[in-house]
Each structure stands twice: as structure tokens, then as C-alpha cells.
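Please open the model in your viewer and keep the sequence panel at hand. The tour proceeds by selections, each followed by a description of what is found there.

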Amino acid sequence: MRRLFACMVAVALSVATYAQEEPEYKLELGAGAGTAVYIGDFNSHLLKGMQPWGAVIVKYHLNPRMALGLDIATTKIKGSSDDVKTWYPIERYAFSHQLTETCVRFEYNFWSYGNGQEYRGSKRLAPFITTGMGITHHSGENSGMAMSLLLGAGVKYKIGQRMNLTAEWGVRFSTSDQLDGRSDVYGIRSSGPFKNTDGYSVLQLALTYDLWAKCKTCNNDRY
């Protein structure tokens with residue numbers, strides 16, 4: 001019994017030592033996949049006309065609750081005047097345009113995110129909100145670039161010591177009315193950066209891997 005108790009104590013001490021010495025990571029690198037839906041004059045439904053979406057994702061951890069991210073993504077948007085009940089003073093119109101997006105974002109977790117060892121009180125599962133600004137390039141007859149505002153929310157789960165799974169839904173509000181190739185359908189000009197402009201929503205699953213360990217002798221952030 002004494003030997004068994006001694007073995008149990010030794011195992012517990014080794015686990016505690018490992019938990020204390022486990023490195024903290026500053027960076028995440030991975031990829032996301034999902035669907036994107038165009039929102040504009042020729043579609044007003046968030047689930048209609050879904051197209052494949054792919055992204056490369058980099059995140060820098062400011063602390064267990066906040067992170068800065070960079071996304072580079074691509075998708076297609078499609079639509080047609082046949083898909084809307086509203087009458088437009090134009091001939092039948094359909095489009096299929098390629099979008100390429102580069103977005104810088106800020107993420108805020110509602111509680112400390114981690115595997116429970118790096119940070120006191122951290123959780124493997126954490127909901128979050130995100131916002132950011134990006135540049136979107138669109139193809140088509142009136143191809144060009146536009147600024148976009150991201151607003152989104154999601155949940156992240158740490159499926160391993162260094163692996164993260166994220167589910168997220170976000171909407172991009174573009175400053176352009178040319179993503180679908182047509183602007184001022186009624187010939188009535190509008191003012192304001194996001195008034196009567198096109199956008200798109202994205203539903204995405206992402207898998208990322210933790211990189212860039214912090215110095216083990218540094219104090220952990222406590223949040």
C-alpha cells in the first residue's frame with residue numbers, strides 16, 4: 001500500500017509539474033472552410049445561393065480573452081433578377097463573380113480561453129464576438145476593390161493541447177454597390193458609406209494550430 005501510495009503521489013507531482021511547465025502560445029495558424037451568401041439587390045435571403053468559401057487564418061493572442069487576426073479568403077457570389085419579386089427597370093440580369101478578401105479583425109472571448117493548464121480559470125469552450133475591416137476585390141464587368149466592415153460571432157473549442165476548432169458566422173458590409181455588377185438599379189443615388197450597398201454573409205468552420213511558445217520563465221497572464 002505504501003508503494004502504491006508513493007507511486008500515486010509521484011504521478012500527481014509529475015502531472016502538476018507538466019501543467020506548470022507547459023508553454024503558452026502566442027500564435028494560431030490554420031484554415032477555414034464554409035459557405036458565403038451574397039446580399040444585395042438580387043438576393044435578400046441569408047441562406048439562398050450559398051457558395052463555397054475558403055480562408056487562411058493567422059491569429060496573435062494579446063491575452064486569454066483577446067486576439068488580433070488576419071484572414072485571406074476567396075469565394076463566389078451569384079444572383080439573378082429572376083430570384084427577386086421586386087420589379088427593376090432593367091432587362092434580365094444574372095452574374096457570377098469571384099471575391100477575394102483580406103481582413104484584419106479583433107476577437108473578444110467572453111471568458112478566458114485555453115486548455116485549463118496555461119491560465120487559471122481558462123475554459124476549453126468559449127463563445128466570442130469579432131469585428132474588423134477588410135478589402136474585397138470583386139471580378140466582373142465592373143471589377144474593382146472596396147472596403148468592408150465585419151461583424152460576427154461564434155464559439156471556439158480546444159480539441160487538443162494545441163488544436164482549436166472554431167465555428168463562426170459573420171456579415172461583411174461593403175462600401176461598394178458593384179459587387180453584383182450593378183449599381184443604382186432605380187437610378188436613385190444614395191449617400192453614406194454603407195447605404196444601399198452590397199454585402200455577403202459567411203458561415204465558417206476553422207481548424208488552427210498553436211505556435212510560437214512564450215518564455216517559460218515569464219509570468220502567465222491572469223484574466
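Begin by selecting K158 and D210: both residues are buried, a term that denotes under 20% relative accessible area, with exposed meaning over 50% and partly exposed the range in between (1.4 Å probe, protein chains only). Their side chains form a salt bridge in which the closest N and O atoms are 2.8 Å apart; the term requires a side-chain nitrogen of Lys or Arg within 4 Å of a carboxyl oxygen of Asp or Glu. K158 belongs to strand β6 and D210 to strand β8, and 52 residues separate the two in sequence. Strands and helices are DSSP runs numbered from the N terminus, with at least two residues (E) for a strand and at least four (H or I) for a helix.

The model is a predicted one, in which local features need pLDDT of at least 70 and side-chain atom pairs count only at pLDDT 80 or more, whereas totals for chains, interfaces and linings use all residues. Residues are numbered from 1 along each chain as its sequence is written, and side-chain values use heavy atoms, with hydrogens and water left out.

**The whole fold**

Next, display the protein as a cartoon. One helix and eight strands are present, and along the sequence they follow the pattern α-β-β-β-β-β-β-β-β. The eight strands close into a barrel in the order β1-β2-β3-β4-β5-β6-β7-β8, with antiparallel pairing. From one strand to the next, the twist averages 25 degrees; the axes are lines fitted to C-alpha atoms (for helices over the stretch in contact), and angles run from 0 to 180 degrees between N-to-C directions.

Of the 223 residues in the protein, 39% are buried. Among contacts with a separation of 6 or more, 65% involve residues 24 or more positions apart, a contact being heavy atoms within 4.5 Å. The accessible surface comes to about 12600 Å², and 63% of it belongs to carbon and sulfur atoms; areas are computed by the Shrake-Rupley method with a 1.4 Å probe, and for residues only the protein chains shown count as cover.

**Strand pairings**

Select residues 25-39 and 51-63, which are strands β1 and β2; they pair in the antiparallel sense over 10 bridges. Strands count as paired if DSSP finds at least two bridges between them. Within this pairing, W53 in β2 is the bridge partner of G34.

Which strand is joined to β1 by 14 bridges? That strand is β8, and the two run antiparallel. G30 stands opposite T208 of β8. Now add β7: 11 bridges join β7 to β8, again in the antiparallel sense, and W169 stands opposite L203 in β8.

**Further salt bridges**

The count of salt bridges comes to seven. Select R105 and D71, whose side chains meet at 2.8 Å, N to O. R105 is in strand β4 (residues 94-109) and D71 is in strand β3 (residues 66-80), 34 residues apart. Both R105 and D71 are buried.

Move on to R172 and E101, a salt bridge with its closest N and O atoms 3.0 Å apart. R172 lies in strand β7 (residues 163-174) and E101 in strand β4, so this pair ties together parts that are 71 residues apart in sequence. R172 counts as buried because its relative accessibility is 3%; E101, with a relative accessible area of 2%, is also buried.

**The nonpolar surface patch**

Finally, turn to a surface view and select L125, V155, Y157, I159, L165, L205 and L207, which make a nonpolar patch of about 590 Å². Patches comprise residues with over 30% relative accessible area and no salt bridge, joined within 9 Å for like charges and within 5 Å for nonpolar side chains (Val, Leu, Ile, Met, Phe, Trp, Tyr). Strands β6 (144-158) and β8 (199-213) each supply at least two residues of the nonpolar patch. L205 is placed in strand β8, and L207 lies in strand β8.

Is L207 buried or partly exposed? L207 is partly exposed, because its relative accessible area is 39%. Leaving out residues up to four places away in sequence, L207 touches G30, A31, I159, M163, N164 and L165. Between L207 and I159, the C-alpha to C-alpha distance is 9.7 Å, with their positions 48 residues apart in sequence.
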